[in-house]
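Biologist: I'd like to learn how to read a protein model. Could you walk me through one?

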Amino acid sequence: PTAAAPPWNAVGGRPSDVLASWASQVGSRVGVPAVAMQAYGYAEMRLAQSMPGCVLRWTTLAAIGKVESGHGSANGAVLGANGVATPEIIGLPLDGNGGRMRIMDTEDGALDDDATYDRAVGPMQFIPTTWAQDGADADGDGVKNPHSIDDAALAAGNYLCKGGRNLSVPTDWWNAILSYNDVRPYAQSVFDTANKYGTDSRT
């Protein structure tokens, strides 16, 4: 369903701070921390300008953030006022065990502190190779940081919108989510969560 949309005329300091009031109000209705809501809403705004044909909504990004890391709270992490998760959220080694993919290290552990296998990192759980391709600097600090919810949310949007997808078309939306994680129960969980956020944001 349609959701409460970020305001387009808000003003603020840090880029996503333009949505502070909206994020606080909508976040309290849907159960998403305001810092994370700012990031999801800001990514929607940026992508509406850079890739308007994608029609990406914050609800999809918020659902991924919830499923992947509980909005940056996995492993005892906390999102700071700057949107950076502390301590860093680093997933299990992608060593082929427990149903995980097997991906040998690709970046000498620079992002994931593991020089043997790659690991998913940050609130949106990017693997290093994907971050290298789609990473973003949404918070304007000159660094593409997967542990920043602002950077990670915009990067996730960039990734989902690849290939000219229109996420208002159901087949494109499902294909985008499955490209993020090709597991049907995962995609269904993201769908259900996004749908709930959309409904709750309007009540």
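Biologist: Let me start with one residue: is Asp 150 buried or exposed?

Modeller: We call a residue buried under 20% relative accessible area, exposed over 50%, and partly exposed in between, using a 1.4 Å probe and protein chains only. Asp 150 is buried, with a relative accessible area of 2%. Before we go on, some ground rules: this is a predicted model, where local features need pLDDT of at least 70, side-chain atom pairs count only at pLDDT 80 or more, and totals for chains, interfaces and linings use all residues. Residues are numbered from 1 along each chain as its sequence is written, and side-chain values use heavy atoms, with hydrogens and water left out.

Biologist: Okay! Which residues is Asp 150 in contact with, leaving aside its neighbours within four places in sequence?

Modeller: Contact means heavy atoms within 4.5 Å. With those neighbours set aside, Asp 150 touches Arg 14, Ser 16, Ala 39, Asn 82, Ala 138 and Asp 139.

Biologist: And where does Asp 150 sit?

Modeller: In helix 5. Helices here are DSSP runs of H or I with at least four residues, strands are E runs of at least two, and both are numbered from the N terminus. The chain has seven helices and two strands, and along the sequence they follow the pattern α-α-α-β-β-α-α-α-α. The radius of gyration of the chain is 16 Å, close to the 17 Å that the globule rule gives for 203 residues, so the chain is as compact as a globular protein of that length. That radius is taken over C-alpha atoms, and the rule is 2.2 Å times the number of residues to the power 0.38.

Biologist: What does the C-alpha trace span along its principal axes?

Modeller: About 45 × 35 × 30 Å. Of the 203 residues, 51% count as buried.

Biologist: Back to helix 5, then. How many of its twelve residues are buried?

Modeller: Eleven of the twelve, so helix 5 is largely enclosed by the rest of the structure. Among them are Ile 149, Leu 154, Gly 157 and Tyr 159. The buried residues of helix 5 pack against helix 2 (34-50), helix 3 (58-69), strand 1 (78-79), helix 4 (128-134) and helix 6 (170-180).

Biologist: How far apart are the end C-alpha atoms of helix 5?

Modeller: The expected span of a helix is 1.5 Å times one less than its number of residues. For the twelve residues of helix 5 (149-160) that should be 16 Å, and its end C-alpha atoms are 16 Å apart, which agrees. Try helix 7 (184-201) as well: its 18 residues should span 26 Å, and its ends are 26 Å apart, which agrees too.

Biologist: What covers the buried residues of helix 7?

Modeller: The cover includes helix 1 (20-30), helix 3 and helix 6. The buried residues of helix 7 include Tyr 186, Val 190, Tyr 197 and Asp 200.

Biologist: Asn 82 came up as a contact of Asp 150. Where is the place of Asn 82?

Modeller: Asn 82 is in the loop between strand 1 and strand 2 (85-86). Asn 82 is partly exposed, at 43% relative accessible area. Setting aside neighbours within four places in sequence, Asn 82 is in contact with Arg 14 and Asp 150.

Biologist: I've heard about odd backbone angles. Which peptide bond is cis, with omega near -10°?

Modeller: Most residues other than glycine have a negative phi, and most peptide bonds are trans. Here, the bond from Thr 86 to Pro 87 is cis, with omega near -10°. Pro 87 lies in the loop between strand 2 and helix 4.

Biologist: And what about phi: what is the value for Val 55?

Modeller: Val 55 has a positive phi of about 55° although it is not a glycine. Val 55 is in the loop between helix 2 and helix 3, partly exposed at 27% relative accessible area. Gln 125 also has a positive phi of about 55° without being a glycine. Gln 125 is in the loop between strand 2 and helix 4 and counts as buried at 16% relative accessibility.

Biologist: One last residue: is Asp 114 buried or exposed?

Modeller: Asp 114 is buried, with a relative accessible area of 10%. Its contacts beyond four places in sequence are Pro 93, Asp 105, Glu 107, Gly 109 and Arg 119.
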